[in-house]
Amino acid sequence: MPAPRLQAIALTVVLAGGGHGLAAAEDWPQWRGAGRLGVWHEDGIVEQFPDGGLQVAWRTPLGSGYAGPAVADGRVFVLDWRQDPDSRTLDGTERVVALDEETGAVLWTHEWDTSYQGLMARYAIGPRATPTVDGDRVYAVGATGRLWCLDAASGAVVWARDYVAEYDTSVPTWGITSAPLVDGERLIALVGGEPDALVVAFDKHTGEEIWRAVEVVGEMGYAQPIIYEAGGARQLIIWHPAALASLDPETGAVYWDQAWEVGMGMSIVTPVRGDNYLFVSQFYNGSLMMRLNPDRPAATELWRGASRSELPHQTDGLHAVMSPPVIVGDHIYGVGSYGELRGLDAATGARLWDTGDMTPQERWGTAFLVRHGDRYFVNNGEGDLIIARFTPTGYVEIDRTHLIEPTSEVGRSRAWVRTVNWSHPAYANRHIVHRNDREIIRASLAADDY
């Protein structure tokens, strides 16, 4: 039986058991892995890091970008950008790069010319959206709204769409970041088409539009679409700068929506669910908690944060930027506006604890949390990989190692600039695949390798 089929069977067994068990092997085919849940199921993983750091299987040069890698069927897919050396402006080339998972050798590339002149220059360093792999095809979207369906084996173009040319999309300040979501025969994308095509479902085989939904109010936002089953229905959750909404993924019909002001159009964090909780958090206005109806596709507001500030000493609850929080039982754990890790009561939003031990205390402090059994693998903005537990009483750090150099320059002006790593890694086949603006690496997390 082919290895990908065995991996699929292993993952199916895990999911059938509620997602808490461990699997023998697993790919990472899209943003935050299977189901976009940020859960890693593999067994045979290190309990602590070796003193000398992780074994790096390979390093391959790469251009700049925030887009995380996807891993499927023995290949790694990632996007990058290379500036035109003869251009005095932000003109350059975006690419999809496919690599051999075992060796890091480049298998193929697909590239197109683009310009980042309309984006905020201090962050205009490359594509933002993780590729989405579905069988023999990979779907990728660039920072200026070029959507590609490519043959996964060869890179040949199957079909393509242009959000700006075809849907009159206004590319937001920090570029297109939302990775397309495969659902059955549909590819669901946050397109931002004006006036009424914020979300579009395409036929995944042909690229033909199936449905469009939601009016664009201001900017289109940056969050990832995700599907949760609740209230006897599969609900497509879309968070945009005007509201948190639930749609029927087959038709685009709106089940419910909850208006919520989002400062600077920064609807970024992937909405997260725990039992009947549905939670989103933003930089300026804090958090919103919805309670999902168990009997029908509906929801009611449970609570929302009261503070309207980004400053840690003036915020209540959680003011997340890019880091999706996690819900465990009746508790929320997440990274706030200046990198502080916080624990909250999910039922009320009350803050239980706060610590600066996990990641640097800087504006837009970021760390990506991936659950593995009863612990978490964390990638922070300094390029560290951390093993930790989050409990109702506090943060427990098990170990950390430095994995990759932070290379992305961010800041409000040349007078205040720091380097960060804001790319979400892939955890696949007992390895971590991570990138910065210079290279992509694959390092072993298999206990048997140490």
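Biologist: In β20, which residue is the bridge partner of F279?

Modeller: Happy to start there, and please keep in mind that this is a predicted model. Strand β19 covers residues 277–282 and strand β20 covers residues 286–292, and the two pair in the antiparallel sense over 6 bridges. Within that pairing, the partner of F279 in β20 is M289.

Biologist: In what order do the 4 strands of that open sheet stand?

Modeller: Strands of a sheet pair through backbone hydrogen bonds, either parallel or antiparallel. Here the sheet is open and its pairing is antiparallel. From one strand to the next, the twist averages 25°. Read across the sheet, the order is β18-β19-β20-β21.

Biologist: Which strands stand at the edges of this sheet?

Modeller: An edge strand here has a single partner strand, so one side of it is left without a neighbour in the sheet. The two strands in that position are β18 (272–274) and β21 (299–304).

Biologist: Let's move to β34. How many of the 6 residues of β34 are buried?

Modeller: Strand β34 takes in residues 439–444 and is mostly covered. E439, I441 and A443 point one way from the strand, while I440, R442 and S444 point the other way, and all are buried. The count of buried residues in β34 is therefore 6 of 6, with buried meaning under 20% relative accessible area.

Biologist: And which residue is the bridge partner of W58 in β34?

Modeller: β1 and β34 run antiparallel and are joined by 5 bridges. For W58, the bridge partner in β34 is R442.

Biologist: How many residues lie between β33 and β34 in their hairpin?

Modeller: Strand β33, residues 431–435, pairs with β34 in the antiparallel sense over 5 bridges. One of the partnerships between them links I432 with A443 of β34. Between the two strands of the hairpin, the number of residues is 3.

Biologist: Is L150 buried or exposed?

Modeller: L150 is found in strand β8, which spans residues 146–151. Leaving out residues up to four places away in sequence, L150 touches V96, W108, H110, D136, R137, V138, G155, A156, V157 and V158. Its relative accessibility is 0%, so L150 counts as buried.

Biologist: What separates the C-alpha atoms of L150 and V71?

Modeller: These two residues are 79 residues apart along the chain. In space, their C-alpha atoms are separated by 15 Å.

Biologist: H110 was among the contacts of L150. What is the relative accessible area of H110?

Modeller: The place of H110 is in strand β5, residues 106–115. Apart from neighbours within four places in sequence, H110 is in contact with E94, R95, V96, W148, L150, G155 and V157. H110 is buried, and its relative accessible area is 14%.

Biologist: Which residues does the cis peptide bond with omega of about 10° join?

Modeller: Most residues other than glycine have a negative phi, and most peptide bonds are trans. This cis bond involves P195, found in the loop between β11 (186–193) and β12 (197–203). The joined residues are E194 and P195.

Biologist: What is the phi of R36?

Modeller: R36 lies in the loop between α1 (3–16) and β1 (56–61). At 1% relative accessibility, R36 counts as buried. R36 is a residue other than glycine with a positive phi, near 60°.

Biologist: What about W364: what is its phi?

Modeller: W364 sits in the loop between β25 (351–355) and β26 (367–372). With 10% relative accessibility, W364 counts as buried. Although W364 is not a glycine, its phi is positive, at about 65°.

Biologist: How many charged residues are in the lining of the largest cavity?

Modeller: Rolling a probe the size of a water molecule over the atoms shows where empty space is left. The largest cavity holds about 30 Å³ of space, and its lining includes G65, Y66, W422, R435 and D437. By class, that lining has 3 nonpolar residues and 6 polar ones, and the number of charged residues is 2.

Biologist: Finally, how much space lies in the second largest pocket?

Modeller: This pocket is lined by 30 residues, and W174, T177, I268, M322 and W422 lie nearest its centre. Its lining divides into 19 nonpolar, 7 polar and 4 charged residues. The space in the second largest pocket is about 620 Å³.

Technical notes: Residues are numbered from 1 along each chain as its sequence is written. This is a predicted model: local features need pLDDT of at least 70, side-chain atom pairs count only at pLDDT 80 or more; totals for chains, interfaces and linings use all residues. Side-chain values use heavy atoms; hydrogens and water are left out. Two strands pair if DSSP finds at least two bridges between them. Axes are lines fitted to C-alpha atoms, for helices over the stretch in contact, and angles run from 0 to 180 degrees between N-to-C directions. On a 1 Å grid over the protein atoms alone, a cavity is a set of points where a 1.4 Å probe fits but cannot get out, and a pocket is an open set with protein on both sides within 12 Å along at least five of seven lines; lining residues have an atom within 4 Å of a point. Grid points are joined across faces, edges and corners, and a volume is the space filled by probe spheres set on the points. Ala, Val, Leu, Ile, Met, Phe, Trp, Tyr, Cys and Pro count as nonpolar, Asp, Glu, Lys and Arg as charged, and the others, Gly among them, as polar. Buried means under 20% relative accessible area, exposed over 50%, partly exposed in between (1.4 Å probe, protein chains only). Contact means heavy atoms within 4.5 Å.
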